Amino acid sequence: SVSFSSSPSPREPPNNTGCAAMRSPIHVYMIYGMIVMYASCYQMQAPLEPFLVGQLIGDDKGSDAATEYGKLQSFFNVVQTLGSLTFGYLLDRTGVRVGFAINFLCCAATYAILSQTTTIGMLYLSKVPSVGMAGFLVAQVGMSKLTEEGVERVSALGRLTTAYTIGGVMGPYIGGVLGSSGDYYLSAKLATVGCLLAAFA
């Protein structure tokens with residue numbers, strides 16, 4: 001998805017190359033699994049950001065922290081928009097497998113920087129690699145190649161949203177449990193590991 005809200009709207013993308021060898025049902029379920037991982041990792045580390053902004057700005061400056069967090073999210077959305085303008089072209093040239101690898105490597109870079117953040121500048125820097133975070137778009141392209149046009153494809157694309165929602169439920173819970181251990185960066189570290197594993201799966 002080019003935008004990583006917890007309820008993305010699936011759209012059928014144009015056909016792309018790169019899935020010719022992926023025709024068995026197992027690959028469909030692998031894509032669902034990738035989306036669950038993608039959403040889980042994103043939602044796992046997301047609650048860390050407002051906490052970090054508050055810590056770095058100062059808990060006694062609540063309005064300043066809220067403003068800074070708003071700027072951070074706007075910057076993130078600008079980067080995502082720029083990425084969305086080029087990722088479709090990239091998928092045309094590389095295919096779904098490489099697209100997923102690039103997506104998860106960019107996710108891992110984002111979460112790795114976040115897990116080491118000590119300044120507001122580093123928080124903004126952590127958003128730069130998100131230019132390549134387009135897991136939902138890659139999954140849509142994959143499903144358009146793996147399913148027959150019509151009811152089968154519509155159902156498969158709809159289940160992508162279900163898969164993302166499952167990850168969106170699991171991620172915050174896992175992040176909250178990890179945060180309660182006292183290491184607030186642990187969720188970002190685990191998200192980094194999860195994305196690296198997915199990138200080379």
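In this predicted model, V79 counts as buried, because its relative accessibility is 8% and the cut-off for a buried residue is under 20%. V79 is found in helix 3. Along the chain, V79 is separated from M133 by 54 residues, yet in space the C-alpha atoms of the two are 9.7 Å apart. A second pair of this kind joins the picture: L137 and S84 are 53 residues apart in sequence, with 8.9 Å between their C-alpha atoms. L137 has its place in helix 6, which covers residues 135-146. With a relative accessibility of 14%, L137 also counts as buried.

The wider fold comes next. The protein has eight helices and zero strands. Read from the N terminus on, the order of its elements is therefore simple to write down: α-α-α-α-α-α-α-α. Of the 201 residues in the protein, 49% are buried, and V79 and L137 are among them.

Helix 3, which spans residues 62-94, also holds V78. How accessible is V78, the neighbour of V79 in numbering? V78 has a relative accessibility of 48%, so it counts as partly exposed, whereas V79 at 8% counts as buried. V78 belongs to a nonpolar patch on the surface, together with L82, L85 and V131. Taken together, these four residues have about 380 Å² of accessible area. The 48% of V78 fits the requirement that patch residues have over 30% relative accessible area.

Charged residues add another layer to the description. Side chains of opposite charge can pair when their charged atoms come close. How many salt bridges does the structure hold? There are two. In one of them, the side chains of E49 and K127 meet, with a distance of 2.3 Å from N to O. E49 lies in helix 2 (residues 48-57) and K127 in helix 5 (residues 120-127), so this salt bridge ties together parts of the chain that are 78 residues apart in sequence. Are the two partners buried or exposed? E49 counts as buried, because its relative accessibility is 4%. K127 is buried too, with a relative accessible area of 3%.

The other salt bridge is formed by D183 and K189, whose closest N and O atoms are 3.6 Å apart. Here the surroundings can be described from both sides. D183 has a relative accessible area of 28% and is therefore partly exposed. K189, at 35% relative accessibility, counts as partly exposed as well. Thus one pair has buried partners, E49 and K127, while the other has partly exposed partners, D183 and K189.

Finally, there is open space to consider. The largest pocket has a volume of about 200 Å³. Twelve residues line this pocket, and the closest to its centre are M30, M34, R97, F100 and A201. Which helices contribute to the lining? Helix 1 (25-45), helix 4 (96-115) and helix 8 (186-199) each supply at least two of the lining residues. What classes of residue make up this lining? Ten are nonpolar, one is polar and one is charged. The charged class includes Arg, and R97 is one of the residues closest to the centre of the pocket.

Methods
Residues numbered from 1 in each chain as written. Predicted model: local features only at pLDDT ≥ 70, side-chain atom pairs only at ≥ 80, totals over all residues. Heavy atoms only, no water. Patch = residues over 30% accessible without salt bridge, like charges linked within 9 Å, V, L, I, M, F, W, Y side chains within 5 Å. Areas by Shrake-Rupley, 256 points an atom, 1.4 Å probe, with all protein chains shown as cover. Helix = DSSP H or I, 4+ residues; strand = E, 2+ residues; numbered from the N terminus. Buried < 20%, exposed > 50% of the residue type's maximum accessible area, 1.4 Å probe, protein only. 1 Å grid on protein atoms, 1.4 Å probe; cavity = no way out; pocket = protein on both sides within 12 Å on 5 of 7 lines; lining within 4 Å. Points joined across faces, edges and corners; volume = space filled by probe spheres on them.
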